[in-house]
Amino acid sequence: MSLKSRAEPPSSSSRSVLSKKWTLLLCVGCFCAGMLFTDRMWNVPDSKGITRTTSVEAEKLKLISEGCNPPSKEVRRDSKEIIGEVFKTQNAIHTLDKTISNLEMELAAARAAQESVLSRSPQSEDSKMNRPSRRRRYLMVVGINTAFSSRRRRDSVRATWMPQGAKRKRLEEEKGIIVRFVIGHSATPGGILDRAIEAEDLKHGDFLRLDHVEGYLELSAKTKIYFATAVSLWDADFYVKVDDDVHVNIATLGETLVRHRPKPRVYIGCMKSGPVLSQKGVRYHEPEYWKFGESGNKYFRHATGQLYAISKDLATYISINQHVLHKYANEDVSLGSWFIGLDVEHIDDRRLCCGTPPDCEWKAQAGNICVASFDWTCSGICRSADRIKEVHRRCGEGENALWSATF
C-alpha cells in the first residue's frame, strides 16, 4: 500500500457509527440525570417532622395563652363576693375619712380656744366660769343677738321663754342647753354703753361678750365671731342664732334638732331665695349685687336670719376659716354663702318661722307647736318688748314641756 493511501482520512461510514454510539450514551446519561433530579424535587418532607414542629409551636401558644388569660377557675370569682368586698372597702374609706374629719375639727376647735386664751379677748365672768366645762357635750348653744339699745327686749325675753337664775343653771346641767345674749363692744371701749352691759351682766350673768365692735352694718362679722367664740367655749351638737325680738319654744327647738343629730353637716332654718336688691337707699340693699348675675336675679337658698341652727362641724368650719369668709351686707346671705360648695344638708323647717297669734296659736291647738314666732312685716315681733308676753301666753309650749323633755 502506498503512502498516499495511508494518509487518507477514515471513511464517512465509520464516523457515522461512532457518532450514534456517543449520542445514545449521552441520551441515556441525560435520562438518568433527569430521573435523579426529578426524584429529589418531588420528595415529600417527613410528616413526623412537621407534626413535631406543629406540636412545639402549639405548646408555646398554649403557654402564652395561659399567661395572658389565666384559668378561669383561679381568677374568676363569684360576682356577689367581689361586690361585697368593694362595699367593704368603700365603707372602710368612708369611716377613715369621717374619723380624719372629726380629728381635724377637734384640732381646729382646740386651736381656736387656745387663740382665744392667748389673745385674752374680753368675756363675761359667766363665760369664764364655763370654760372648764368645755369637755362636756351639750345639745345646743343658743345665742340671742342683741344690741346696746335693746335692754327692754332682753328683759321681755327673760320674763318669757329664757329661764333665769337657778333654772338656767339647771337647763345647762340637766338638758345640755346653753342660752346667752350675744353682744360685742362699743367703738369707745370702757364707755357708758360697755359699763351698762357689764352692770346688766353682773346682775343676770347671761351674756356672751365678743371681741367685736357693734354696728348694724357689722352683723355678718358679728355672726362669724359668735360661732367661732361659741365653738371654742362649748362643745355642742348644734349652735343656734336667734334675734332678741323672736319668741322661741326651747323644748320644741331641742326636739327638732335632736332628729338631725346623726347627720354631720346640717343647716336648719326657714329656707328662702329672695331678690338681690341693687337699688340704693332701700332696705336690705346689696352693694355687691353684681356678683349675683344680671339685674333681677335671686339669691341662693339660705335660712332667714330670725332663727337658724348649724351643726358643730359647720361652726368649726367657720371658726377655722373666719379670716377668709366673705361678708355680704345681709347677715343671713353671708352665712348661706359660706356653705356654698360644701357638702351641707339644707333643712327647710317652717316651724322655725311661724307667725304671731293667731297663726302660732292655731298650730299649737292642732298639736303642731311652733319653734319660733315673729311677724314678717317687722322681721321680728312688732313692738316685741310689749307684745312678746302675749305671744308667750298664747303660743308658748308651757314650762313643764321643757323639764319633761328628753333629748
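The following questions and answers go through a predicted model of one protein chain.

User: How many helices and strands does the chain have, and what percentage of the 407 residues is buried?
Analyst: The secondary structure of this predicted model consists of 16 helices and 9 strands. The accessible surface of the chain comes to about 24200 Å², and 58% of that area belongs to carbon and sulfur atoms. Of the 407 residues in the chain, the share that counts as buried is 43%.

User: Among contacts between residues at least 6 apart in sequence, what percentage joins residues at least 24 apart?
Analyst: The count here takes in contacts in the chain between residues at least 6 apart in sequence. Within that set, the share that joins residues at least 24 apart is 77%.

User: How many disulfides are there, and which pattern do they follow?
Analyst: A disulfide is a covalent bond between the sulfur atoms of two cysteines. In this chain the count comes to 4 disulfides. With the bonded cysteines counted along the chain, the pattern is 1-2, 3-5, 4-8, 6-7.

User: How many residues apart in sequence are the parts that the disulfide of Cys270 and Cys353 ties together?
Analyst: The sulfur atoms of Cys270 and Cys353 are 2.1 Å apart and form a disulfide, and the torsion about this S-S bond is about -100 degrees, so the link is left-handed. Cys270 lies in strand β6, whereas Cys353 lies in the loop between β8 (345-348) and α14 (359-365), so the bond ties together parts of the chain whose separation in sequence is 83 residues.

User: Are Cys270 and Cys353 buried or exposed?
Analyst: A residue counts as buried when its relative accessible area is under 20%. Cys270 has a relative accessibility of 1%, and Cys353 has a relative accessible area of 8%. Because both values fall under that cut-off, Cys270 and Cys353 are each buried.

User: Which helices does the disulfide of Cys360 and Cys395 tie together?
Analyst: Cys360 and Cys395 are joined with an S to S distance of 1.9 Å, and the torsion of about 65 degrees about the S-S bond makes the disulfide right-handed. Cys360 is buried at 1% relative accessible area, and Cys395 is buried at 2%. The two cysteines lie in parts that are 35 residues apart in sequence, and the helices are α14 for Cys360 and α15 (residues 384-395) for Cys395.

User: Which cysteine of the disulfide between Cys378 and Cys382 is partly exposed?
Analyst: Cys378 and Cys382 are linked at an S to S distance of 1.8 Å, and with 95 degrees about the S-S bond this link is right-handed. Cys382 has a relative accessible area of 16% and is buried. The other partner stands at 32% relative accessibility, and the partly exposed cysteine is therefore Cys378.

User: With which polar atom does the side chain of Asn249 lie at 3.0 Å?
Analyst: Asn249 is found in the loop between β5 (247-248) and α11 (250-258), and at 3% relative accessibility Asn249 counts as buried. Leaving aside neighbours within four places in sequence, the residues in contact with Asn249 are Ile369, Cys370, Val371, Cys395, Gly396 and Glu397. A polar atom of the Asn249 side chain lies 3.0 Å from the backbone nitrogen of Glu397.

User: How many aromatic pairs are found, and why is the pair of Tyr226 and Phe227 tilted?
Analyst: A search of the whole structure finds 9 aromatic pairs. The ring centres of Tyr226 and Phe227 are 4.9 Å apart. Tyr226 is buried at 3% relative accessible area, and Phe227 is buried at 0%. The pair counts as tilted because the angle between the ring planes is 45 degrees.

User: Which residues form one aromatic cluster with Phe292 and Tyr328?
Analyst: Phe292 and Tyr328 themselves form a tilted pair, with 5.2 Å between the ring centres and 50 degrees between the planes. Phe292 lies in the loop between β6 (266-272) and β7 (302-311) and Tyr328 in the loop between α12 (312-321) and α13 (331-338), so the pair ties together parts that are 36 residues apart in sequence. Phe292 is buried at 14% relative accessible area, and Tyr328 is buried at 14%. The residues that complete this cluster are Tyr299 and Phe300.

User: Which residue lies over the face of Trp403?
Analyst: The distance to consider is the one from the ring centre of Trp403, which is 4.1 Å. The residue placed over the face of this ring is Arg170.

Notes
Residues are numbered from 1 along each chain as its sequence is written. This is a predicted model: local features need pLDDT of at least 70, side-chain atom pairs count only at pLDDT 80 or more; totals for chains, interfaces and linings use all residues. Side-chain values use heavy atoms; hydrogens and water are left out. Rings of Phe, Tyr and Trp (its six-membered ring) pair if their centres lie within 6.5 Å; planes under 30 degrees apart count as stacked, over 60 as edge-to-face and the rest as tilted. Buried means under 20% relative accessible area, exposed over 50%, partly exposed in between (1.4 Å probe, protein chains only). Helices (H or I, at least four residues) and strands (E, at least two) are DSSP runs, numbered from the N terminus. A charge sits over a ring if NZ of Lys or CZ of Arg is within 6 Å of the ring centre and within 35 degrees of the ring normal. Contact means heavy atoms within 4.5 Å. Accessible areas come from the Shrake-Rupley method with a 1.4 Å probe; for residues, only the protein chains shown count as cover. A polar contact is a pair of N or O atoms within 3.5 Å; within protein, one must be able to donate a hydrogen and the other to accept it, and residues adjacent in sequence count only if both atoms are side-chain atoms. A disulfide is a pair of cysteine sulfur atoms within 2.5 Å.
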